[in-house]
Amino acid sequence: MPSDRTRLERLITQVFDDSEPTSFGSGWMSGTAGVFFGALAVAGVLVFSFPGVLSTEAFRTQYPIPVLRAVLQVVIGLAFLLSATSMLLRQRKVLGLTGLALSLTATLAGGSAATAVTEVSPQLTLGLDWFVLNLLLFAVVFVPIERAFPHRPESKTFRPGWVTDGVYLMVNHLAVQALTFLTLLPATALATLWQSDGLHARITGQPLWLQFVEIIFLSDLVQYWIHRAYHSVPALWRIHAVHHSSETMDWLAGPRLHVVETVSMRALVLVPIFLLGFDRAALYAYLVFVSFHAVFIHSNIGARLSWLDHVVTTPRGHHWHHAVRPTDKNFAVHLPLLDRIFGTQHLPPGQWPDSYGVEGRPVPEGWLRQFVFPFRK
Ligand SMILES: [Zn+2]
Ligand SMILES: [Zn+2]
């Protein structure tokens with residue numbers, strides 16, 4: 001049976017945990033947010049100092065740099081203010097001091113005016129920029145919504161497994177260059193073998209919104225059947241079980257996917273989209289939608305979305321997919337219509353599952369243990 005918390009998670013918990021209350025006004029929220037923004041600020045300054053190593057060239061050339069510098073300034077300011085607030089409110093100062101130390105480090109290292117220390121740009125770079133931007137965006141969007149409309153109000157921010165999920169989020173973003181290369185490999189290879197200019201012109205001649213809808217339908221159709229295969233083929237299930245091992249559903253639970261599944265799923269989904277030759281703008285709109293929707297369906301958002309449950313996958317629909325039982329329902333990631341058509345829909349009105357995870361809890365905790373899990377006897 002897996003332990004609920006990894007060693008790293010226990011260590012972090014021991015450093016920051018105390019018996020003081022965590023309610024509003026206790027300095028816990030301000031302290032936690034201060035440490036969070038402080039860590040992001042340090043990472044942001046690192047990206048500006050080593051852009052060739054810590055950012056992806058494809059994104060780097062597209063960034064509105066003055067806006068990002070202003071955001072970094074705000075993040076440093078928030079880290080400082082929130083940590084100072086926590087220092088005043090909380091008896092144990094570890095949260096406040098850590099946040100202050102991080103914001104001070106970011107400021108001394110150049111703050112929002114940090115410039116490149118070196119222009120070295122290796123072949124393989126780390127997407128720290130991508131990680132920082134997405135983490136900031138996801139946290140700013142989803143944490144307040146989860147707090148305002150929680151499905152499980154008792155669910156804790158630092159629940160068991162949060163470090164493992166955080167590591168998944170980090171690895172998926174740091175390795176964005178390598179993952180994108182592998183993901184695009186089958187689609188680009190096939191596109192060199194077969195492409196129809198006539199079809200391509202017909203597809204791109206349609207309005208962008210229609211192409212966007214078509215991409216979602218097509219990608220989810222491919223996804224649906226691969227997802228079903230991941231559930232029914234035992235060797236594939238061992239890989240996919242990693243995703244289902246989350247016992248708490250929240251905004252951080254979604255990225256928990258074995259790298260083999262991440263690459264294979266994305267690569268196969270992109271094949272028809274590339275071969276049909278959709279407009280890049282529609283494809284980018286789909287990629288933005290996917291990244292937010294994937295976080296949304298796992299989130300701890302319990303707001304009533306009655307009719308929406310049947311139009312687009314909502315947290316309630318996907319939470320049923322993660323229920324200990326029945327797991328073999330709601331395979332579609334975007335469109336519940338597909339589950340209706342193929343007879344795998346499970347959406348009892350107004351109900352939510354009692355518990356999440358894999359029966360018998362066979363999957364261990366920790367990114368590395370989960371990486372080797374499918375290949376062990
Ligand atoms: Zn599944
Ligand atoms: Zn899921």
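## Glu9 and Arg5

Glu9 has a relative accessibility of 0% and counts as buried (under 20% relative accessible area is buried, over 50% exposed and anything in between partly exposed, using a 1.4 Å probe and protein chains only). Its partner Arg5 is partly exposed at 22%. The two side chains form a salt bridge with an N to O distance of 2.8 Å; the term stands for a side-chain nitrogen of Lys or Arg within 4 Å of a carboxyl oxygen of Asp or Glu.

The model is predicted, so local features need pLDDT of at least 70 and side-chain atom pairs count only at pLDDT 80 or more, whereas totals for chains, interfaces and linings use all residues. Residues are numbered from 1 along each chain as its sequence is written, chains are lettered from A and ligands numbered from 1 in the order in which they are written, and side-chain values use heavy atoms, with hydrogens and water left out.

## Other salt bridges

The count of salt bridges is seven. One of them joins Arg159 to Asp165, with the closest N and O atoms 2.8 Å apart; both residues are buried. Arg159 and Asp165 also belong to a salt-bridge network together with Asp250, Arg256 and Glu365.

Another salt bridge pairs Arg361 with Glu247, where the closest N and O atoms are 2.7 Å apart. Arg361 sits in the loop between helix H16 (336-342) and helix H17 (367-372), and Glu247 in the loop between helix H12 (234-244) and helix H13 (259-276), so this pair ties together parts 114 residues apart in sequence. Helices here are DSSP runs of H or I with at least four residues, numbered from the N terminus. Both residues of the pair are partly exposed, Arg361 at 22% and Glu247 at 38%.

## Zinc site

The zinc ion (ligand 2) has four protein donors, the NE2 atoms of His243, His298, His318 and His322, at 2.0 to 2.1 Å. Donors are N, O and S atoms within 2.8 Å of the metal (3.2 Å for Na, K and Ca); water is not among the atoms, so sites may look incomplete. The donor residues follow the spacing H-x54-H-x19-H-x3-H. Within this set, His243 in helix H12 and His318 in helix H15 (residues 315-321) link distant parts of the chain, 75 residues apart. His243 is buried at 6% relative accessibility, and His318 is buried at 4%.

Angles among the four donor atoms run from 94 to 158°, and the site is irregular. Four donors count as tetrahedral if all angles lie between 85 and 135 degrees; four count as square planar and six as octahedral if opposite donors are over 155 degrees apart and all others between 65 and 115; anything else is irregular.

Notes
Helix = DSSP H or I, 4+ residues; strand = E, 2+ residues; numbered from the N terminus.
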